[in-house]
Amino acid sequence: MRHCSSNLADRRLIIVVSGPGGVGKGTIVDALVKRDPGLWLSRSWTTRDQRPGEADDAYVFTTGERFEEHISNDGFLEWTEFLGNYYGTPRPDQLDDPESPDIVLEIEVDGAQQVKQQYPEAILIFVTPPSRDEQERRLRGRGDPDDKVHARLRKAEKEEPVGRAIADHIVINDELDRTLDEMQSIIAVERSRRCGR
Ligand SMILES: Nc1ncnc2c1ncn2[C@@H]1O[C@H](COP(=O)(O)OP(=O)(O)OP(=O)(O)O)[C@@H](O)[C@H]1O
């Protein structure tokens, strides 16, 4: 459910892409911003080390000190600590500038809930796999170790009902090109009924 208030007129859309691990969120958002110059992908911050071969722009890689300073300045929409490292979504700049591209955030279900609390007008797209077996194949296909595959599948069972309940749109990521077409149609509809227009 979306809410609009009069002072939100002309705001940029905040599009939150959420879903279980390995469903294809990262793949989808990277392809979406390439297809549509009117979208801007907000990079999450992390204090974990960059993995060998990982793209420089996969995250904003930063230090614990800088991350904590940003927390004190209320610079994150949501952040979490996991296995000794911080991960966070920076608060978007220039939210009221209609000339700037719409914002795409890729976040876990917990974080998506927090964003929705702060920005009820955010559009939450929950992405699900065609089946748990296919999710497992994707996790293994990208090289996740056995224990991580099982942990992500267990987490997915818990997240799925929450993600579906808070979602404005639910998209099954079966065939990537079809998924991207569906996401673009959703964004087109949301743009046409943007708050205040
Ligand atoms: N529609 C699809 N069909 C087949 N494979 C896909 C599809 N979408 C993504 N994949 C593959 O699934 C794997 C997981 O994708 P990706 O890393 O984008 O998932 P994610 O949801 O961002 O995961 P995480 O939350 O753990 O970062 C990748 O190897 C990717 O190439």
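In this predicted model, an oxygen atom of the ligand is 3.3 Å from a polar backbone atom of Val 23. Two glycines make similar backbone approaches: a backbone N or O atom of Gly 22 lies 2.9 Å from an oxygen atom of the ligand, and for Gly 26 the corresponding distance is 2.8 Å. With the protein around it, the ligand has 72% of its 640 Å² of accessible area covered, where the 640 Å² is what it has on its own.

**The shell around the ligand**

- The ligand has 15 residues around it, and those that come nearest are Lys 25, Gly 26, Thr 27, Arg 142 and Asp 174.
- Gly 26 therefore appears twice in this picture, as one of the nearest residues and as a backbone partner at 2.8 Å from a ligand oxygen, a pair that falls within the 3.5 Å cut-off for a polar contact.
- Helix 1, which spans residues 25-35, gives the most to this shell, with three residues.
- Sorted by class, the shell holds six charged, six polar and three nonpolar residues.

**The pocket that holds it**

- Where does the ligand sit? Its place is in the largest pocket.
- That pocket has a volume of about 1,900 Å³.
- Its lining is made up of 50 residues, and the closest to the pocket centre are Tyr 59, Glu 106, Glu 108, Arg 142 and Arg 152.
- Arg 142 is worth a look on screen, as it is listed both among the residues nearest the ligand and among those closest to the centre of the largest pocket.
- The lining of the largest pocket comprises 21 charged, 15 nonpolar and 14 polar residues.

**Which elements build the lining**

- Helix 1 supplies the largest share of the lining of the largest pocket, seven residues.
- At least two lining residues each come from helix 1, strand 5 (76-82), strand 6 (85-90), helix 3 (109-118) and helix 5 (146-166).
- Helix 1 thus leads on both counts, giving the most to the shell around the ligand and the largest share to the pocket lining.

**A backbone detail to check**

- Asp 74 is not a glycine, yet its phi is positive, at about 60 degrees.
- For context, most residues other than glycine have a negative phi.
- To find Asp 74, look in the loop between helix 2 (64-72) and strand 5.

How values were computed:
Residues numbered from 1 in each chain as written. Predicted model: local features only at pLDDT ≥ 70, side-chain atom pairs only at ≥ 80, totals over all residues. Heavy atoms only, no water. Near = heavy atom within 4 Å. Polar contact = N/O pair within 3.5 Å; in protein donor to acceptor, adjacent residues only side chain to side chain. Areas by Shrake-Rupley, 256 points an atom, 1.4 Å probe, with all protein chains shown as cover. 1 Å grid on protein atoms, 1.4 Å probe; cavity = no way out; pocket = protein on both sides within 12 Å on 5 of 7 lines; lining within 4 Å. Sits in = over half its atoms within 2 Å of the grid points. Helix = DSSP H or I, 4+ residues; strand = E, 2+ residues; numbered from the N terminus. Nonpolar A, V, L, I, M, F, W, Y, C, P; charged D, E, K, R; others polar. Points joined across faces, edges and corners; volume = space filled by probe spheres on them.
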